[in-house]
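Trainee: Could you go through this model with me, a piece at a time? I'm still learning the vocabulary, so please explain the terms as we go.

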Amino acid sequence: MESISVFEIIKVGIGPSSSHTMGPWNAAESFIRKIKTDHQLQDVKEVFVEFFGSLAKTGIGHGTDIAGMLGLSGENFKLIDTTKIDEKIEVIKSSNLLNLGGEKVIHFVYGEHLILNKQRSLDFHPNGMIFKAVFENGDELIQDYYSLGGGFIATQEENSFENDCIRTLYPCHSGDAVLKNIEKLGLEKVSDLIFLNEESWRTKEETEKEALYIWDQIVECIYKGVNKEGILPGGLRVTRRAAGLNRKLLGDKIYKNKKEWFQLVIDSHETFTTINKWVSCFALAVNEENASFGRIITAPTNGASGVIPAVLMYARAFTDHCSDEDMIRFILVAGEIGTLFKKNATISAAMGGCQAEVGVSSAMAAAGLTEIMGGTPGQVLMAAEIAMEHHLGLTCDPIGGLVQIPCIERNSMGAIKAITAANIAIESDPSKAKVSLDQVIQSMWETAQGMSERFKETSEGGLAIAVNVAEC
């Protein structure tokens with residue numbers, strides 16, 4: 001089985017969805033590379049893209065169409081000025097022109113060259129799409145892609161679309177393997193093992209640098225979120241709440257930058273209620289940014305991107321476990337737990353409902369927090385199991401196809417569950433646990449397979465139907 005770096009699970013992304021925005025964007029960029037490899041970009045006459053299944057049914061609300069057009073235009077979601085996205089899309093739609101790969105302007109009509117096919121799903125995966133290039137000489141290039149969650153993509157020919165097929169020195173494809181490797185090597189912490197395996201991709205110093213970069217981006221995202229008021233885009237008229245909560249918690253205190261703001265958070269009155277509100281504020285801030293095409297940290301998906309930042313900020317601001325090393329070890333452990341779910345189940349709501357997104361993120365955060373609280377390897381895995389156990393069966397039924405209701409609040413709930421799971425695990429004896437992490441992952445996968453398609457990111461069941469709002 002192929003190994004996955006923790007930085008493939010926790011990484012810089014763009015809202016509102018890793019599977020419905022980042023995945024199609026990555027697929028479009030991949031198709032551009034394929035054209036350049038097999039043909040000449042300058043020889044392309046037309047390009048078509050058709051989205052199927054869940055990608056089509058909630059595509060407008062998730063920005064799938066936008067991601068497809070920007071990806072074909074050669075834009076990169078890690079670099080694009082997110083404030084210019086609406087403007088760029090309006091230019092394409094109004095001019096009926098697309099600058100393919102940023103190199104050749106071609107005729108492109110929205111609704112003709114880009115189609116959301118809600119009546120059909122591809123067999124390989126619910127998140128399917130087909131790209132087609134037609135060349136001046138009449139030749140065609142056709143490629144199918146599938147968005148697997150977390151921004152990962154695949155084709156039918158290649159079940160995994162990683163750049164490098166790497167097998168680490170001490171493979172960890174299950175929770176049991178993690179514990180056995182730690183015992184075999186005489187290590188004390190889960191993160192010690194992950195440091196060793198990450199050397200398959202980079203040096204320890206580079207791993208530490210990347211983790212601290214992730215932490216810096218988390219703080220940046222939360223800071224943006226707590227300083228933005230207004231209505232979220234999409235048509236549901238959802239009001240941003242993080243800024244108001246931040247203002248209420250800080251009172252009349254003034255700050256000029258994120259460093260001053262964070263110090264005020266640390267110095268704020270610590271009661272159970274205020275800390276609970278801060279955790280919610282952190283999660284709301286991230287997911288409100290995510291809902292508005294902001295740049296966030298995908299962990300393991302965009303719909304669940306507020307959980308790990310909220311728990312990390314909680315640890316940094318309100319516990320004694322707040323050093324840079326703690327942050328690094330938290331991120332490494334959280335990322336490794338995410339790989340276990342990806343390898344043995346799914347991190348895609350279109351495959352498994354929200355248990356596969358917020359549930360997985362909560363398990364990741366619980367494990368990371370337990371690690372830096374001084375938990376044993378057994379307690380770390382136990383925390384992840386507890387968090388997932390209490391997300392089993394969680395559906396994905398976004399109102400209007402938008403990553404807003406219930407997604408934004410759900411991240412706050414996932415963060416609180418993660419903290420609770422860590423607190424329970426740190427006071428427990430893992431040898432007496434009746435359910436292992438591997439067993440709960442298997443249970444999650446079985447639950448996913450038995451779940452109605454209406455509850456897998458199609459907006460055809462649950463809240464999406466109870467609250468009768470047309471897709472925006």
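Mentor: Let us begin with a term that we shall need for an arginine: a salt bridge is a side-chain nitrogen of Lys or Arg within 4 Å of a carboxyl oxygen of Asp or Glu. For charge, Lys and Arg count as positive and Asp and Glu as negative, while His and the chain ends are not counted. Buried means under 20% relative accessible area, exposed means over 50%, and partly exposed is in between, using a 1.4 Å probe and protein chains only.

Trainee: And where does the model itself come from?

Mentor: It is a predicted model, in which local features need pLDDT of at least 70 and side-chain atom pairs count only at pLDDT 80 or more, whereas totals for chains, interfaces and linings use all residues. Residues are numbered from 1 along each chain as its sequence is written, and side-chain values use heavy atoms, with hydrogens and water left out.

Trainee: OK, which side chain of opposite charge is nearest to Arg410?

Mentor: That is Asp397, at 4.6 Å, and Arg410 has no salt bridge although it is buried. Arg410 sits in helix α18, residues 407–426, where helices (H or I, at least four residues) and strands (E, at least two) are DSSP runs numbered from the N terminus.

Trainee: What lies 2.7 Å from a polar atom of its side chain, then?

Mentor: The backbone oxygen of Thr395 lies at that distance from a polar atom of the Arg410 side chain.

Trainee: Switching to helix α2, why does its length make sense?

Mentor: Helix α2 covers residues 18–38, and its 21 residues should span 30 Å at 1.5 Å a residue, which agrees with the 28 Å between its end C-alpha atoms. The expected span is 1.5 Å times one less than the number of residues.

Trainee: Is α2 mostly covered or uncovered?

Mentor: Mostly covered, since 16 of the 21 residues in α2 are buried.

Trainee: How many disulfides are there?

Mentor: The structure has zero disulfides, a disulfide being a pair of cysteine sulfur atoms within 2.5 Å. For Cys281, the closest cysteine sulfur is that of Cys221, 12 Å away and therefore too far for a bond. Cys322 is in no disulfide either, and the nearest cysteine sulfur, in Cys281, is 19 Å from it.

Trainee: Are those two, Cys281 and Cys322, buried or exposed?

Mentor: Cys281 is buried, at 0% relative accessibility, whereas Cys322 is partly exposed, with a relative accessible area of 31%.

Trainee: Where are the cis peptide bonds you pointed at earlier in the week?

Mentor: One joins Ala299 and Pro300, with omega about -5°, and Pro300 is in the loop between β9 (295–298) and α13 (307–318). Another runs from Ile405 to Pro406, with omega near 5°, and Pro406 lies in the loop between α17 (377–389) and α18.

Trainee: What about phi in Glu457 and Ser459?

Mentor: Phi of Glu457 is near 60°, a positive value in a residue other than glycine, and phi of Ser459 is also near 60°. Glu457 is in the loop between α19 (437–450) and α20 (463–466), and Ser459 is found in that loop between α19 and α20 too. Glu457 is buried at 4% relative accessible area, and Ser459 is buried at 17%.

Trainee: Last one: what does UniProt place at residues 5–158?

Mentor: The unreviewed UniProt entry places "domain: Serine dehydratase beta chain" there, although such annotations may be inferred rather than shown by experiment. In the model, residues 5–158 are 35% helix and 30% strand, and their end C-alpha atoms lie 19 Å apart.

Terms used
Polar contact = N/O pair within 3.5 Å; in protein donor to acceptor, adjacent residues only side chain to side chain.
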